[in-house]
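Hi everyone, thanks for making the time. I'd like to walk you through one model today, and I'll stop at a few places for questions along the way.

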Amino acid sequence: MTFEETFGRKARWTVYPERKKGLPVVRKTFSVDKPGKAELIICGLGYFEVYLNGKRVSDDYFTPVFSDYFHRDFSHYNYPLPGEETKHRIYVCRYDVTELMNEGENVLVVFLAGGWLTQRKKTAEGKVNFSEELYLCFTLKTGKEEIVSDKTLRYAPSHIVESNVYFGEKVDYRKYKKEWFLPGFDDRKWQSPIERADFGSPLYFQDVLSDTVCERIEPRLLFKFGRYAVYDVGKNITGWVEVRGKGRIIVCQAESLRGERRLDFTAVGGREQKQKEEYFGLKPGIVAHPTFRWSGFRYFSVFGKIDECVACVVHVPFKETASFESDNEVLNWFFNAYKLTQLNNMHGGIPSDCPHREKLGYTADGQLTTETALLCFESRSFYRKWIADIVDCQDEKTGHVQHTAPLMGGGGGPGGWGGAIIFAPYKYYTVFGEEEYISSLLPAMEKWIKHILTECMGEGEYRDLIVRERKGGWCLGDWCTLEKTVIAQPFVNTCLFITALRQYKEMATACGKEYAYEETEKACADAVRRVYWDVKKPSCQKGVQGADFFMADLGLIPKEEGKKAAEAYVKRGYMDVGIIGIEYLYRYLFENGMEEEATRLLCSEQPGSFGYMKNRGATTLWEYWDGRKSQNHPMFGSPVKYLFYGVAGIRYTPGFRSVVIRPALYGGLTRLKCSLIRPNVRIDVEYTKEEGNEKYILSYTGDSKVAVEMEGKRYEMTSGIPLYLKR
């Protein structure tokens with residue numbers, strides 16, 4: 001939408017400095033004779049919090065959702081983007097405020113913070129901020145009247161002295177005035193903002209859920225000495241600590257401890273990036289917590305005189321759409337740890353890689369778990385928004401796809417990261433179908449394919465292999481393997497490109513578009529075999545870090561060789577693969593009749609396994625198999641989808657239009673129960689084994705076609721009528 005279509009003709013963007021004296025609080029007093037239905041259309045960049053007549057307009061936090069707002073100078077990025085041109089968008093919120101309106105005098109109060117717009121304190125990726133100023137625009141419609149943002153607004157420094165999405169907030173309650181929220185407050189000494197022209201970016205009404213407080217946890221006191229105390233929340237969460245007390249109070253958060261008395265900040269960015277809130281002037285009646293940022297933590301320390309503290313869990317409040325439980329504790333832990341990890345990384349409209357050290361929408365991390373997240377949560381609009389971010393951040397000239405979406409710097413590779421422009425939509429398509437939507441994304445996918453063919457291919461021995469992400473760029477392959485990554489980068493990226501071409505072909509064909517890359521696909525496959533397959537062994541790169549599974553999954557080696565490699569691999573009982581290799585590993589095993597071996601591998605407790613994480617007290621998935629760095633990264637959670645597809649045997653076509661269930665109890669399981677709730681169907685299965693007898697109860701409701709296949713027989717199911725089978 002255009003600015004005028006969104007806000008009308010009268011409203012203007014207003015501009016505010018981000019000062020050390022305090023972030024701006026903005027006021028607008030107005031009078032309404034007979035208030036009727038009232039709607040507030042508002043956008044504050046980076047983040048805003050709005051009150052009408054002293055009442056918070058919604059329970060949302062971190063609004064509007066993060067996007068690529070408008071043009072920036074890319075020359076200050078640590079990872080250069082020479083001459084790239086991306087698209088932009090800004091999200092606008094609207095609220096029904098009818099019940100908050102008063103007859104006569106009213107006052108609208110808005111607090112602003114920089115969020116991602118002005119973040120320049122952390123410079124690991126260079127200077128990636130959009131602006132050094134804050135912006136506000138709104139129109140409040142009630143009856144025939146419109147109250148708008150313009151230079152008649154008044155603003156002053158608020159009690160929020162400082163806010164940074166990485167480092168924390170400083171809040172001085174000695175500056176806080178309840179009178180700000182009263183129409184009669186005298187703000188004549190406050191300043192008037194300047195107006196500015198529209199940014200020119202398309203505007204969209206926000207149709208995705210914002211963050212909110214989803215749970216409140218009473219923490220356990222671990223240590224106390226004087227005014228210093230350390231607490232344990234019991235699990236890794238995202239959110240903040242809510243405190244009541246007196247005077248100055250400092251709250252710090254971390255994922256782990258050094259002994260029992262000190263927080264360990266290593267995983268969350270080190271002491272130089274300490275997650276910290278500092279409050280001044282607390283007194284009875286004040287409940288203190290940050291407003292414009294979240295932390296990722298399990299433990300926290302408090303210094304000061306406190307009366308009460310509570311850990312608040314904050315993330316996007318998705319409805320769960322899947323359940324899984326069995327008699328194996330590792331599988332149960334894996335499912336629940338993934339869900340918690342994923343929710344901990346759903347903030348402000350993006351799936352992040354971690355909720356503390358980086359907080360960015362890394363495209364590889366996000367695309368790897370897209371299908372699993374769409375199965376587990378009602379997150380359709382969330383991922384449509386994030387896919388739009390990926391497309392927005394594609395270079396309009398070359399087709400190069402960035403490593404983070406929205407673009408905030410950061411590194412990656414052409415396949416796992418850039419390929420997200422195909423992989424994320426494909427996983428969405430797998431779960432929902434929606435060919436019309438997918439068709440709208442095909443041009444961006446094809447532009448990326450042409451970019452790969454134009455700028456990324458090697459020469460000589462490496463002809464038809466992807467050796468860089470563009471001219472002058474690098475070529476990251478897999479990531480976070482158990483030991484130092486040695487699997488060849490061109491190998492990984494070329495296999496990913498072949499996979500992307502095949503997924504593009506499936507989507508294009510479903511949308512009625514011809515596929516023009518058969519020869520390209522064949523040339524890349526021949527190059528992979530020529531350079532990396534050792535016929536004498538036979539093996540690929542000595543079988544390290546799942547290399548054989550990349551080739552076996554793509555059908556680039558004989559089936560018998562793939563099966564031998566798989567049998568040898570799973571016999572070890574642990575995983576040395578990285579975040580990309582793990583997807584190829586389990587896809588190959590579950591798609592090639594090795595459900596028993598795959599399930600046992602998922603249940604492993606050796607180093608390089610999910611059981612290893614569980615047995616060391618993890619409540620969320622680690623970034624690395626050995627637990628170093630972040631302990632709250634969802635990327636290794638991609639195989640959770642195989643708990644349904646493979647372990648429970650619920651095989652589905654795109655959009656769940658048809659489902660075939662192949663019931664069995666693998667990996668020594670004696671009990672399994674799970675459900676999947678989709679827009680068009682709900683599927684429930686329950687498997688048990690007692691005294692050598694297996695019993696299966698299967699049911700569904702909805703308009704999908706569901707059948708069961710077992711021991712060579714096929715049973716067509718009827719909605720609402722359970723099917724009972726024995727073996």
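How much space lies in the largest cavity? Before I answer, please keep in mind that this is a predicted model. The answer is about 60 Å³, and in total the model has four cavities of 30 Å³ or more.

Let's look at the walls of that largest cavity. Its lining is made of Phe 48, Glu 49, Val 50, Arg 56, Val 57, Ser 58, Asp 60, Thr 63 and Tyr 95. Which element gives the largest share of that lining? It is strand β4, residues 47-52, with three residues. Sorted by class, the lining has four nonpolar, two polar and three charged residues.

Keep an eye on Thr 63, one of the lining residues, and go one step along the chain. Thr 63 and Pro 64 are joined by a cis peptide bond, with omega at about -5°. Pro 64 sits in the loop between β5 (55-56) and β6 (90-96). There is another cis bond to show you, between Lys 537 and Pro 538, where omega is about -15°. That proline, Pro 538, is again in a loop, between β25 (533-534) and β26 (539-540). As a reminder, most peptide bonds are trans, and most residues other than glycine have a negative phi.

That brings me to backbone angles. Lys 359 has a positive phi, near 65°, although it is not a glycine. You'll find Lys 359 in the loop between β24 (350-351) and α3 (363-368). Is Lys 359 buried or exposed? It counts as buried, at 1% relative accessibility. Phe 656 is another residue other than glycine with a positive phi, near 55°. Its place is the loop between β27 (650-652) and β28 (658-661), and Phe 656 is buried too, with a relative accessible area of 0%.

Now for the salt bridges. How many are there by our rule? The count comes to 48, and I've picked three to show you.

My opening example pairs Lys 427 with Glu 583, whose closest N and O atoms are 2.8 Å apart. Lys 427 belongs to helix α6 (residues 420-432) and Glu 583 to helix α12 (residues 581-591), so this pair ties together parts that are 156 residues apart in sequence. Both ends are under the 20% limit for buried: Lys 427 has 3% relative accessibility, and Glu 583 has a relative accessible area of 7%.

Next, please turn to Arg 600 and Glu 596, where the closest N and O atoms of the salt bridge are 2.7 Å apart. Here both partners belong to helix α13 (residues 595-602), and they are four residues apart, about one turn of the helix. An α-helix has 3.6 residues a turn, so residues three or four places apart point the same way. As for accessibility, Arg 600 is partly exposed at 48%, and Glu 596 is partly exposed at 26%.

The last of my three is Arg 727 with Glu 694, with closest N and O atoms 3.3 Å apart. This pair links distant parts of the chain, 33 residues apart: Arg 727 is in the segment after β34 (723-726), while Glu 694 is in strand β31 (residues 693-702). Arg 727 is partly exposed, with a relative accessible area of 34%, whereas Glu 694 is buried, at 12%. And to return to my opening pair, salt bridges with shared partners join Lys 427 and Glu 583 with Glu 371 and Lys 641 into one network.

Let me move on to helix α2, residues 329-344. What span should its 16 residues have at 1.5 Å a residue? The expected value is 22 Å, and the end C-alpha atoms are 22 Å apart, which agrees. Of those 16 residues, 14 are buried, so α2 is largely enclosed by the rest of the structure. At the start of α2, have a look at Asn 328: one of its side-chain oxygens comes to within 3.0 Å of the backbone nitrogen of Val 330.

One more stop, at His 400. This residue lies in the loop between α5 (380-392) and α6, and it is buried, with a relative accessible area of 2%. How far apart are the C-alpha atoms of His 400 and His 451? They are separated by 6.1 Å, although the two residues are 51 residues apart along the chain.

That's my tour, so over to you.

Methods: Residues numbered from 1 in each chain as written. Predicted model: local features only at pLDDT ≥ 70, side-chain atom pairs only at ≥ 80, totals over all residues. Heavy atoms only, no water. 1 Å grid on protein atoms, 1.4 Å probe; cavity = no way out; pocket = protein on both sides within 12 Å on 5 of 7 lines; lining within 4 Å. Points joined across faces, edges and corners; volume = space filled by probe spheres on them. Nonpolar A, V, L, I, M, F, W, Y, C, P; charged D, E, K, R; others polar. Salt bridge = Lys/Arg side-chain N within 4 Å of Asp/Glu carboxyl O. Buried < 20%, exposed > 50% of the residue type's maximum accessible area, 1.4 Å probe, protein only. Expected span 1.5 Å × (residues − 1). Polar contact = N/O pair within 3.5 Å; in protein donor to acceptor, adjacent residues only side chain to side chain.
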